[in-house]
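Please read this briefing alongside the sequence and the coordinates. The topics are the sheet, the helices that contact it, and the salt bridges.

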Amino acid sequence: MNTNAQHTSGHVVIGVDTHKHVHVAAVMDTIGGILATLTIPTDTGGFRQLLDWATSFGSVLAFGIEGTGSYGATLASFLRRAGHKVVEAGRPDRRLRRMNGKSDTLDAENAARAVLAGFATVTPKSADGEAEMIRQLKIVHDQAVEQRTAAMVTMKAMLVHAPDPLRNETAGKTQIALARHLAGLRPRQLDAPEDALRHALRTLAKRWQYLDTEARDLTKMIADLVHRAAPQLLEPFGIGVDTAAEILVVVGDNPERIKSEAALAKLAGIAPVPTGSGMTSGRHRINHGGHRQLNAAIYRTVIVRMRFHQPTTDYVNRRTAEGKTKREIIRCLKRYVIREVYHLIRPAPRTISAAS
């Protein structure tokens, strides 16, 4: 006889440790503790096996999945479509890992315990709409821009060793003109270092042109998606397509998962962190966590407003007269922008009224 069955509530949570080829799950009853574990392949058949196995132990309260943005994304999407609650179960505490060791089974059990204890509460991004499309395109776009920059830096470095006629021909040219000129080189032989240099410059120039075209095409696609997904984000002063795209990537396709502007500020690394201890209560420091790309995008918006937005300029002058430093003023303005963004990304009330 199964002794665990005599002391179970019929309400369970499932913890899942995700990997590339297999996932390991553990089922935990609210009063009976860990009941069983299961290893499944990372395909639809394995996901169905996990769901049937989990529901056989009773009513599933939630699935706690590690890595919902990577290896666990497909499983999280499958379970969400099946109508189950899915939360992100972060990495276990390092102290517990040192004390108890680490294995796939232990990680799955720790994920289940984190959900049951209320430590794991974050709703993962749904990744089923325009925000996920923008994220995928931005990955390729950012890489193309990075490689384009590297190609231009290499071209200019190699031109230092070019013959005087070629250096004089390319002096003062813009990046586009320089790439066009070097791509038009016609080296005929390969007998001397100068010939190899011309071949190398021509290859780099063509690579730069290809990456430039690729980046421009991706920029247009991202801009179209931003206008389609959240055109209201482009209305405030200083928020362009790049910043709006970064906001959408971080927020995801289910913005209702972010419950308050404070939560969004923390997600962006803008909310201050308390550092009080003993006689120093009330002290705070800058949050160096959060999504650094979104933080940088909000910073650029603030700098643009400080230079060209008259109400912001007036605010800076007033706060400066009060004795605030520029760093403190920028911190305040970043929080103001996040507050503005939060109200722009909230689901529209008309969606609820139309459904009713």
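What follows concerns a predicted model, and the points are grouped by topic.

The model contains an open sheet of five strands with mixed pairing, and helices H1 and H4 are both in contact with strands of this sheet. The salt bridges come to a count of 13, and a few of them are described below with the accessibility of their partners.

**The sheet**

- The five strands of the open sheet follow the order E3-E2-E1-E4-E5, and their pairing is mixed.
- Strand E3 (33–41) and strand E5 (86–88) form the edges, and because each has a single partner strand, one side of each is left without a neighbour in the sheet.
- From one strand to the next, the twist averages 25°.
- Strand E1 (residues 11–18) pairs with strand E2 (residues 22–29) in the antiparallel sense, over seven bridges, and within this pairing Val12 stands opposite Asp29 in E2.

**Helices against the sheet**

- Helix H1 (residues 44–55) packs on the sheet, where it touches E1, E2, E3 and strand E4 (59–65), and the direction of H1 makes about 165° with that of E3.
- Helix H4 (residues 104–117) lies across E1, E2, E3, E4 and E5, and runs at about 135° to E1.

**A salt bridge within helix H4**

- Arg113 and Glu109 form a salt bridge in which the closest N and O atoms are 3.8 Å apart; the two residues are four residues apart in helix H4, and are therefore separated by about one helical turn.
- Arg113 is partly exposed, with a relative accessible area of 37%, whereas Glu109 counts as buried because its relative accessibility is 15%, under the 20% cut-off.

**Salt bridges between helices H5 and H8**

- Arg228 forms a salt bridge with Glu130, with the closest N and O atoms 3.5 Å apart; this pair links distant parts of the chain, since Arg228 lies in helix H8 (residues 193–229) and Glu130 in helix H5 (residues 130–159), 98 residues apart.
- Arg228 counts as exposed, at 53% relative accessibility, while Glu130 is partly exposed, with a relative accessible area of 26%.
- Asp212 forms a salt bridge with Arg148, and here the closest N and O atoms are 2.8 Å apart; Asp212 lies in helix H8 and Arg148 in helix H5, so the pair ties together parts that are 64 residues apart in sequence.
- Asp212 and Arg148 are both buried.

**A salt-bridge network**

- Lys138, Asp142 and Glu246 are linked in a network of salt bridges.

Terms used
Residues are numbered from 1 along each chain as its sequence is written. This is a predicted model: local features need pLDDT of at least 70, side-chain atom pairs count only at pLDDT 80 or more; totals for chains, interfaces and linings use all residues. Side-chain values use heavy atoms; hydrogens and water are left out. Two strands pair if DSSP finds at least two bridges between them. Axes are lines fitted to C-alpha atoms, for helices over the stretch in contact, and angles run from 0 to 180 degrees between N-to-C directions. Contact means heavy atoms within 4.5 Å. A salt bridge is a side-chain nitrogen of Lys or Arg within 4 Å of a carboxyl oxygen of Asp or Glu. Buried means under 20% relative accessible area, exposed over 50%, partly exposed in between (1.4 Å probe, protein chains only).
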